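Before the questions begin, please take a moment to look over the sequence and the model. The turns that follow ask why certain words are used here.

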Amino acid sequence: MENNNFAFSKTNFVLIGISALVVVIGFLMMIGAGSTPTQFDPDIFSGLRTKVAPVVCFIGFVSIIGGIMYKSKSKEEDK
């Protein structure tokens, strides 16, 4: 009964979880106050929001794909 044949191992789940956390951090970096019709906020065009955060999200999404495709070297490693 202990012979579980799952598609993903524990390592896959850890890699996917860390990558998902990186994506969430990227989206949190994009959050900020917006402009109103009466007042313009130039911070909406900051480098953090327009350049860094999308790159962090992209790295997270690519890492999720890597975590899904990762194959452990041996079955004994994940037990």
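**Burial and aromatic pairs**

Of the chain's 79 residues, 16% count as buried. The model is predicted, and its chain has two helices and zero strands.

Q: Why is the pair of Phe8 and Phe13 called edge-to-face?
A: The two rings lie 5.8 Å apart, centre to centre, with 85° between their planes. Rings pair if their centres lie within 6.5 Å, and planes over 60 degrees apart count as edge-to-face, so both parts of the rule are met.

Q: What makes Phe8 count as partly exposed?
A: Phe8 has 29% relative accessibility, and because buried means under 20% and exposed means over 50%, a value in between is called partly exposed.

Q: Why is Phe13 called exposed?
A: The relative accessible area of Phe13 is 53%, and exposed means over 50%, so the word applies.

Q: What makes the pair of Phe40 and Phe45 tilted?
A: Their planes are 35° apart, and their centres are 6.2 Å apart. The centres therefore lie within 6.5 Å, while the angle is neither under 30 degrees, as for stacked rings, nor over 60, as for edge-to-face ones, which leaves tilted.

Q: How do you know that Phe45 is exposed?
A: Phe45 reaches 57% relative accessibility, and the cut-off for exposed is over 50%, so Phe45 belongs in that class.

Q: What supplies the area that the chain exposes?
A: The chain exposes about 6400 Å², and carbon and sulfur atoms supply 69% of that area.

Technical notes:
Residues numbered from 1 in each chain as written. Predicted model: local features only at pLDDT ≥ 70, side-chain atom pairs only at ≥ 80, totals over all residues. Heavy atoms only, no water. Phe/Tyr/Trp six-rings, centres within 6.5 Å; stacked < 30°, edge-to-face > 60°. Buried < 20%, exposed > 50% of the residue type's maximum accessible area, 1.4 Å probe, protein only. Helix = DSSP H or I, 4+ residues; strand = E, 2+ residues; numbered from the N terminus. Areas by Shrake-Rupley, 256 points an atom, 1.4 Å probe, with all protein chains shown as cover.
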